[in-house]
Amino acid sequence: MSASCDLCSHSSLEQVYATRNSGGKRTVWLCTHCGLLQSLPRADRSLPKTGTPPASRAKTFRAEATLATLKPFLPRTKHLRVLDVGAGHGAFALELKGAYPKARMIGIEPDARAAATWAGKPGFTWLNARVEDTRLEAEGFDLVHSCHTLEHLKSAREALSAHRAALAPSGYLFLEVPNIASLSARDIVDEFFCNEHLYHFSARTLSRLLTSCGFRPIAIANPRDTANITVVAVKSEPMASDIAADPREVEAAAALISAYQASRMNNLATLAHVARAIDAMAPRKVAVWGAGRLLTRLIANGGLRPQSLTAIVDKHITRFANQAHGIRLTPPEDLARVKPDVVVVMSHSLSNDIREEAQVHAPGCEVIAYAELLARATAHAA
């Protein structure tokens, strides 16, 4: 393998995983020097997009939490200059603009369909381009926001170096990426290594990359969050380019991959049991909360019939789509009208929050987390 690691520049890459749906075109490699997981080849130029834009779920879900993380650092009296890298549907830009009306928002987003929801609003400037192709004003921004974008770019190192050059001396970088710690989830069924992601970070590898690119992390939003790594950083002097070997990180990454493959294979086999458990709830009215990948897996791999559901509830996707799997999407506030007997929560990280909200909108209903059903199915299969 002629490619080199984007973190340490060593060529000691070892293939450790291949996605089943990649057609052999992209595989996952572990740097046996520093422990960074990365996908090859790094062909990041996607085909032109047509039709209805997909909901940018991670960016949309995280906008409110992102603003809460940033507020302690952002002065309310300043006319903030904000760069939103990979702005998507503008969820964060709109959230921040609501709290800081004087902020000047510049969003980089190559998909015109996504940008259409915010690009024409006063106070917003849309750069219809990829960040790699964009020249930015040196030290021109008080905040550079990058949420679930860095892992898509051809070189994470080059992107962070460009972010640093664009950031004012007293500015802040907000960075969030998927966390490979989620590979250890016992109930995982999603394919973590989707084709669009080129880098797969742990807290350790991301921290080392930030430091080597001239950033000093000053806050981690929630160190116990296994789904996301969320960092606020400021500029510092770049470290020496020679990245030391990290055998412990290499060993930990290899162990995660091995455990993930075994756990996911077992969990996919139990999806049919989960689907039958939901079907068995009839004749009670069953609503599913969450129209994302978990539900898709349950339908595609488990055989769940979406037509048997009373409702599919989603708080965020309803902004961009009115149906999923042939069923009209229901916003949470309409649960009082639907009056379900059971709400099945199809989420990992937001399960507790959704449970509380479901009970507010549909008092007296039974709320069951997907993880609970999977645990029951796993026990039954054993």
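**Exercise 1. The second largest pocket**

Task: For this predicted model, determine how the residues lining the second largest pocket divide into nonpolar, polar and charged classes, and establish which element supplies the largest share of that lining.

Solution.

Step 1. The lining of the second largest pocket comprises five nonpolar, three polar and four charged residues.

Step 2. Twelve residues form this lining, and those nearest the centre of the pocket are Tyr17, Arg20, Glu191, Arg264 and Leu268.

Step 3. Two elements, β1 (13–18) and α6 (247–279), give two or more residues to the lining. The largest share, five residues, comes from α6.

Step 4. The volume of the second largest pocket is about 290 Å³.

**Exercise 2. Cavities in the model**

Task: State how many cavities of 30 Å³ or more are present, and describe the lining of the largest cavity and of the second largest cavity.

Solution.

Step 1. The count is two cavities of 30 Å³ or more.

Step 2. The largest cavity holds about 100 Å³ of space. It is lined by 16 residues, with Lys59, Ala87, Ala91, Phe92 and His145 closest to its centre.

Step 3. At least two lining residues of the largest cavity come from each of α1, β4 (81–85), α2 (91–99) and β7 (141–147). Helix α1 gives the most, namely five residues.

Step 4. By class, the lining of the largest cavity has seven nonpolar, six polar and three charged residues.

Step 5. The second largest cavity contains about 30 Å³ of space. Its lining consists of Thr19, Arg26, Thr27, Val28, Ser39, Phe193, Cys194 and Asn195. These residues divide into three nonpolar, four polar and one charged.

**Exercise 3. Cis peptide bonds**

Task: Identify which residues are joined to Pro41 and to Pro283 by a cis peptide bond, and locate each proline relative to the neighbouring elements.

Solution.

Step 1. As background, most peptide bonds are trans.

Step 2. Leu40 and Pro41 are joined by a cis peptide bond with an omega of about -5°. Pro41 belongs to the loop that lies between β3 (37–40) and α1 (57–70).

Step 3. Ala282 and Pro283 are likewise joined by a cis peptide bond, here with an omega of about 10°. Pro283 is placed in the loop between α6 and β12 (286–289).

**Exercise 4. Positive phi and accessibility**

Task: For His325 and Lys339, give the value of phi, and decide whether each residue is buried, partly exposed or exposed.

Solution.

Step 1. Most residues other than glycine have a negative phi.

Step 2. His325, although not a glycine, has a positive phi of about 55°. The residue is found in the loop between β14 (323–324) and β15 (327–330). Partly exposed residues fall between the cut-offs of 20% and 50%. His325 has 31% relative accessibility and therefore counts as partly exposed.

Step 3. Lys339 also is not a glycine and has a positive phi of about 55°. Its position is in the loop between α8 (335–338) and β16 (342–345). An exposed residue has a relative accessible area over 50%. The relative accessible area of Lys339 is 60%, so Lys339 is exposed.

**Exercise 5. The setting of Arg113**

Task: Classify Arg113 as buried or exposed, and name the residue whose side chain makes a polar contact with that of Arg113.

Solution.

Step 1. Arg113 is located in helix α3 (residues 112–115).

Step 2. The cut-off for a buried residue is under 20% relative accessible area. Arg113 has 19% relative accessibility and therefore counts as buried.

Step 3. The side chain of Arg113 is joined to that of Asp111 by a polar contact of 2.6 Å.

**Exercise 6. Strand β11 and its partners**

Task: Determine how many residues of strand β11 are buried, and describe the pairing of β11 with β8 and with β10.

Solution.

Step 1. Strand β11 spans residues 228–235 and is mostly covered, with eight of its eight residues buried.

Step 2. Strand β8 (residues 167–178) runs antiparallel to β11, and six bridges join the two. In β11, Ala233 stands opposite Leu173.

Step 3. Strand β10 (residues 215–220) pairs with β11 over five bridges, also in the antiparallel sense. Val234 in β11 stands opposite Arg216.

Step 4. In a regular strand, side chains alternate between the two faces of the sheet.

Definitions and conventions:
Residues numbered from 1 in each chain as written. Predicted model: local features only at pLDDT ≥ 70, side-chain atom pairs only at ≥ 80, totals over all residues. Heavy atoms only, no water. 1 Å grid on protein atoms, 1.4 Å probe; cavity = no way out; pocket = protein on both sides within 12 Å on 5 of 7 lines; lining within 4 Å. Points joined across faces, edges and corners; volume = space filled by probe spheres on them. Helix = DSSP H or I, 4+ residues; strand = E, 2+ residues; numbered from the N terminus. Nonpolar A, V, L, I, M, F, W, Y, C, P; charged D, E, K, R; others polar. Buried < 20%, exposed > 50% of the residue type's maximum accessible area, 1.4 Å probe, protein only. Polar contact = N/O pair within 3.5 Å; in protein donor to acceptor, adjacent residues only side chain to side chain. Pairing = 2+ DSSP bridges.
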